[in-house]
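Trainee: Please take me closely through a single strand and its surroundings, and then place that part against the rest of the chain.

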Amino acid sequence: AKISLQAANSKPISDLLVGVFFEDLNYAADGGLYAELIQNRDFEYDPSDKEGHDKNWTSTHSWSLKGDNTTLAIETAAPVHPNNPHYAVLDTKVPGAALANTGFDGIAVKKGERYTFSLFTKQLQGKAGKLQVRLVSDKLGVLAQTTVNTSAKGWKTATAVLTPSAQAADARLEVQPLSAGRVALDMFSLFPQKTFKGRKNGLRADLAQTIADLHPRFVRFPGGCVAHGDGLGNIYHWKNTIGPLEARKPQRNLWGYHQTAGLGYFEYFQFCEDVGAIPVPVVAAGVPCQNSGVGGGGQQGGIPMSEMGAYVQDILDLVEYANGSVHTKWGKKRAEAGHPEPFNLKYIGVGNEDLITDVFEERFTMIYKALQDKHPEITVIGTVGPFSEGTDYVEGWQIASKLNIPIVDEHYYQPPGWFIHNQDYYDRYDRSKSKVYLGEYAAHLPGRPNNLETALAEALYLTSVERNGDIVSMASYAPLLAKEGHTQWNPDLIYFNNTEVKPTVGYEVQKLFGQNAGTDYLPSTVQLSNNQEAVRKRIAVSVVRDVKSKDLIVKMVNLLPVPVATSLDLAGFNMAGAKAVKTVLQGNPTDKNLKPSATTLTLADSTNTELPAYSCTVLRIKNK
Ligand code: AHR
């Protein structure tokens with residue numbers, strides 16, 4: 001193939017193109033990115049968290065009492081906070097028994113690292129005494145132990161540090177009263193001190209770093225379906241997720257588990273800042289998920305109009321929380337959480353894949369107009385509804401055009417063939433209309449693997465997204481994270497368990513595009529010796545220049561089963577002698593565990609490169 005560049009026709013493209021979409025799905029938050037190691041720390045698990053009301057999913061899930069002469073009860077009178085009504089009561093006749101928590105599939109700890117233990121206690125009967133706190137492994141015995149005092153008068157926090165003497169993945173936390181009496185316990189926590197960027201109540205360092213390595217330009221959160229919930233009572237309200245942990249309001253996660261809100265809006269904003277990405281929170285458009293709804297009719301049950309004023313105010317308050325001065329009501333709360341500087345919020349997503357009905361339109365319009373009126377500095381990202389082949393989101397786009405929404409969110413999960421054959425999808429888009437945020441996409445094969453075939457289909461498509469970077473403002477693969485053994489949705493970008501992070505081959509493609517993003521697109525032509533459509537559509541090239549580094553970046557994808565010899569014509573670019581880094585991801589279509597390899601080379605005016613069969617090649621040419 002002969003690749004020629006038309007530098008004269010270059011155009012600016014979005015500098016936010018590749019980002020990430022975080023949703024608390026597949027245990028992505030609790031038991032995942034959120035570094036808390038105690039499961040059901042607040043005793044708020046409830047059978048209704050689970051479809052079919054699981055009778056084992058209760059306040060004592062993950063907890064057990066080990067030993068005799070002590071009873072465990074769950075009580076609700078005078079709790080730590082009304083948002084956390086349940087707590088445990090240990091009634092000890094003769095000391096010896098301990099309350100144990102097994103974490104999320106065991107507690108994984110590292111030798112010599114410091115873990116902060118904390119809990120709330122209240123002595124109900126008998127004198128205040130001590131609790132022995134220990135980390136115990138079935139295989140290795142006691143790994144660390146200490147004591148804390150119980151509180152004689154009312155709920156108080158007790159804190160200690162545990163430093164395990166050995167590494168273990170099967171540890172449990174045990175808390176044993178050392179004297180007789182009744183003691184109430186709640187809001188347990190065991191938190192590694194080594195979190196991502198050392199943040200308190202922070203994120204698992206290895207997972208967060210893996211996300212950061214993608215160089216995401218934005219982070220969309222907290223969903224997906226989680227953002228709008230599967231009924232009015234399940235909508236994600238950001239105000240329930242900030243402030244002291246005991247005052248946050250945990251709730252049922254519609255993916256069939258429990259959401260502590262320990263990873264809440266403050267932590268999301270901070271994570272965005274820590275990875276150099278802009279925050280893109282998504283709020284419900286006043287309606288829950290299209291597959292649910294009060295009354296069983298999709299979104300017939302939107303927030304009652306009589307309550308919409310208060311709901312709209314919550315969204316305006318979010319802007320104040322993120323950006324307002326510390327002298328404002330909500331800006332002050334941000335400062336109290338440790339971040340007096342604004343979070344520099346510029347975008348808010350309103351709605352997620354909602355059915356485009358009158359109920360939706362009325363509520364969306366109300367939110368949109370209030371944001372435009374009170375916060376014209378905020379760019380609203382609307383939604384055009386669920387994807388349905390052939391309809392091209394007609395109704396959603398009608399509203400977008402009527403309201404002149406700056407950006408709309410599109411989602412599609414399709415077979416690799418769809419991505420291969422629709423590389424002109426955005427070439428056809430009207431440049432005068434709303435811009436697009438491709439908020440969720442992934443290539444799906446039967447069995448839903450994440451392999452080189454799906455990854456290369458996504459890579460091909462991403463070259464077309466770059467080509468259309470004048471109207472496609474952002475794109476994020478979905479979903480991002482999945483915990484092994486707790487996965488409700490496949491494929492995902494990064495799999496993990498308690499001790500390992502397993503980025504997929506699709507992740508490697510996202511990383512190549514994220515780390516090699518550009519600010520200007522240089523059109524190119526690819527001349528092939530075999531110009532049949534089936535061949536042409538499996539070779540794609542995208543050339544961008546990054547204004548900061550001035551590097552020229554050429555991405556070449558070959559989804560053919562044979563290598564393709566290319567010559568890249570760089571005459572007129574004064575590139576002879578320039579150094580380039582060539583990174584190649586290649587393998588068999590069904591391969592899952594592949595890593596790209598990089599070499600450096602010196603360029604001539606015309607550079608010959610062989611694109612291996614099934615490969616994605618990035619040539620990053622350094623500015624001389
Ligand atoms: O990414 C998984 C789910 O797919 C999201 O929650 C939803 O928006 C979409 O249907």
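Mentor: Start with strand β30, residues 552-558, where seven of the seven residues are buried. The model is a predicted one, and what follows is read from its coordinates.

In a regular strand the side chains alternate between the two faces of the sheet. For β30, one side carries Leu552, Val554, Met556 and Asn558, and the other carries Ile553, Lys555 and Val557. Every one of these residues is buried, which leaves both faces of β30 covered. Note that the list includes a lysine and an asparagine.

Next, the strand partners. Strand β29 (residues 539-545) runs antiparallel to β30 and is joined to it by seven bridges. Within that pairing, serine 542 has lysine 555 as its bridge partner. β30 also pairs with strand β35 (residues 615-621), again in the antiparallel sense and over seven bridges. There, lysine 555 stands opposite valine 618. Lysine 555 can thus be used as a reference point for both pairings: serine 542 in β29 and valine 618 in β35.

The connection between β29 and β30 is a hairpin with six residues between the strands. Lysine 550 lies in this loop and has a positive phi of about 65°, although it is not a glycine. Most residues other than glycine have a negative phi, and most peptide bonds are trans. Is lysine 550 buried or exposed? Lysine 550 counts as exposed because 11 other C-beta atoms lie within 10 Å, and the limit for that class is 12 or fewer.

Asparagine 26 makes a useful contrast. Its phi is also positive, near 60°, and it sits in the loop between β3 (20-21) and β4 (63-66). Asparagine 26, however, is buried, because 25 other C-beta atoms lie within 10 Å and the threshold is 20 or more.

The hairpin strands can also be followed towards a helix through leucine 460. Leaving aside neighbours within four places in sequence, leucine 460 is in contact with Phe419, Ile420, Gln423, Ala540, Val557 and Leu559. Of these contacts, Val557 is one of the buried residues of β30 listed above. Leucine 460 is also among the residues with the most contacts inside the largest nonpolar core, along with Leu33, Val219, Val350 and Leu456. That core has 180 residues, and helix α9 (residues 452-467) gives the largest share of it, nine residues. The core lies between domain 1 and domain 2, because both give residues to it. Domain 2 covers residues 47-192, whereas domain 1 is made of several segments, including 20-33 and 195-304.

For comparison, look at another strand with two antiparallel partners, β10 (residues 130-137). Eight bridges join β10 to β11 (residues 141-149), and a hairpin of three residues connects them. β10 also pairs with β13 (residues 168-177) over seven bridges. Here valine 136 is the reference point, with valine 142 as its partner in β11 and arginine 172 as its partner in β13.

Two peptide bonds also deserve a check. The bond between phenylalanine 221 and proline 222 is cis, with omega about -5°, and proline 222 is in the loop between β15 (218-221) and α2 (225-228). The bond from alanine 478 to proline 479 is cis as well, with omega near -15°; proline 479 is in the loop between β23 (472-477) and β24 (481-483).

How values were computed
Residues numbered from 1 in each chain as written. Predicted model: local features only at pLDDT ≥ 70, side-chain atom pairs only at ≥ 80, totals over all residues. Core = buried A, V, L, I, M, F, W, Y, C linked by C-beta atoms within 7 Å. Helix = DSSP H or I, 4+ residues; strand = E, 2+ residues; numbered from the N terminus. Domains from an automatic or database assignment. Contact = placed C-beta atoms within 7 Å. Pairing = 2+ DSSP bridges.
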